[in-house]
Amino acid sequence: MATQTKAVAEAMAPAFVLDRLEAVPALIGRHEDFLFVAGLAGTSRDVAAITNDGAHTYSMAGAMGGAAMIGLGLALARPDKRVLVVTGDGELLMNIGALATIAVLNPPNLSIVCVDNGHYGETGYQKSHTSLGVDLEKIAAGSGIKRTLTIEGEAELAEGARLIREGNGTAFVLLRVKPTEPPAFKRDLNPANCRLRFRTGLLA
Amino acid sequence: MSAEPAPASWQDQVYDLLRQHNVTQFAYVPDAGHRTLIDRSLADPNVHSVALTTEEEGVALLAGADLGGARGVLLMQSSGAGNCINMLSLVKGGGFPFLTLISMRGDFGEGNPWQYPMGQATQAVLEAMGVICLRAETPEEALRTVSAALTMVFQAGNAVAVLLTQKLIGAKKF
């Protein structure tokens with residue numbers, strides 16, 4: 001069962017109601033459909049739990065702000081594969097210009113899911129800008145990404161699952177969730193191991 | 001009677017060399033020193049020409065290219081090297097090949113005092129993050145050095161910066 005800190009309970013806004021333990025797997029669906037790039041902390045554990053830390057996942061535990069651009073480089077290199085970046089609000093905010101760079105290129109095989117809990121979970125659940133009025137879907141749309149969606153309830157999950165699989169240009173899905181703990185999954189934290197694992201799986 | 005074609009500039013020769021080595025992702029923040037390479041990449045239908053908002057985006061981009069089996073190069077000014085430092089954790093920790101060509105500022109004959117702090121620190125901070133720095137001061141050296149860097153990066157798996165000094169590219173007038 002997910003835990004929740006006191007500060008988090010106080011900060012919880014009406015839009016942040018989904019539980020990431022259920023909503024992220026429901027949105028992603030068949031994980032074999034994608035090559036994954038996962039951001040730090042919570043999202044790396046979300047994805048590792050879904051893929052069993054599989055070879056089709058490159059997840060980070062540092063170099064904050066890099067996930068979306070790793071996804072872009074991979075998507076440009078492999079137009080034959082669908083690339084899904086799954087990252088948090090804090091990680092995305094650190095390099096928000098990446099959304100503008102990606103929108104200009106607009107690769108049809110790239111989708112970005114931002115799991116937005118409105119907090120920096122890893123460092124003690126301090127509020128992020130998205131708890132204070134910043135709307136990352138609007139920033140994505142304003143950057144020029146044409147297909148964007150905000151998911152705040154179960155009803156929109158199916159549309160999100162469709163959007164991240166469609167090939168009409170880059171898609172951005174903001175998945176608002178409660179600020180609760182991600183899956184307790186122990187993944188490989190060695191970035192060089194993960195690189196070799198990924199390349200062996202994809203290129204061998 | 002046809003005119004003799006003008007000899008290719010060293011910048012054009014560097015572009016051709018990068019393409020011969022299957023570099024297909026060109027990432028950059030617009031820069032006068034890299035104008036030929038940027039323009040050639042924009043005109044080349046077989047490469048991705050990726051304009052960045054900040055240089056660290058390019059470090060992550062090239063790691064993603066490598067995951068997919070592609071090769072890239074980051075073209076930046078020495079001031080941009082400072083924007084890359086923590087993102088180079090990805091390169092060093094992950095053992096990613098990494099090639100950057102850096103047009104130097106705050107170097108030989110620089111007239112803008114704002115360029116000196118980062119220009120003078122460029123090599124030291126890159127080396128601190130595990131990037132091997134090779135300096136080029138003449139057109140001949142530029143081509144030879146990029147050629148050496150390509151081997152060091154894509155054959156031996158290193159991170160290498162080629163520093164194109166202001167002796168080579170000239171100092172902007174202020």
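This is a short tour of a predicted two-chain model, with a suggestion at each stop for what to select.

Before you click, note that residues are numbered from 1 along each chain as its sequence is written, while chains are lettered from A and ligands numbered from 1 in the order in which they are written. Because the model is predicted, local features need pLDDT of at least 70 and side-chain atom pairs count only at pLDDT 80 or more, whereas totals for chains, interfaces and linings use all residues.

**Stop 1: confidence.** The model scores ipTM 0.95 and pTM 0.95. Colour chain B by pLDDT, the predictor's confidence in each residue from 0 to 100: chain B averages 95, and 98% of its residues score at least 70.

**Stop 2: chain A as a whole.** Select chain A and show it as a cartoon. You will find nine helices and eight strands, where helices (H or I, at least four residues) and strands (E, at least two) are DSSP runs numbered from the N terminus. The radius of gyration of chain A, taken over C-alpha atoms, is 15 Å, close to the 17 Å that the globule rule (2.2 Å times the number of residues to the power 0.38) gives for 204 residues, so chain A is as compact as a globular protein of that length. Its C-alpha trace spans about 50 × 35 × 30 Å along the principal axes.

**Stop 3: Ala41(A).** Zoom in on this residue of helix 3 (residues 41–51) of chain A. Its phi is near 50°, a positive value in a residue other than glycine. Is Ala41(A) buried or exposed? Ala41(A) is buried, with 21 other C-beta atoms within 10 Å; buried takes 20 or more such atoms, exposed 12 or fewer, and partly exposed lies in between, with C-beta atoms placed from the backbone.

**Stop 4: the interface.** Now show both chains. Here 29 residues of chain A are in contact (C-beta atoms, placed from the backbone, within 7 Å) with 28 residues of chain B. On the chain A side, helix 4 (67–77) gives the most, with eight residues.

**Stop 5: helix 2 of chain B.** Select residues 35–43 of chain B; the buried ones are Leu37(B), Ile38(B) and Ser41(B). They cover an arc of only 100° around the axis (by the directions from the helix axis to the C-beta atoms), which puts them on the same side of the helix. The face turned away from that buried side carries the exposed Leu42(B) and Ala43(B). To see what the buried residues pack against, add helix 1 (10–20), strand 1 (23–28), strand 2 (48–51) and strand 3 (71–77) of chain B.

Note on methods: Contact = placed C-beta atoms within 7 Å.
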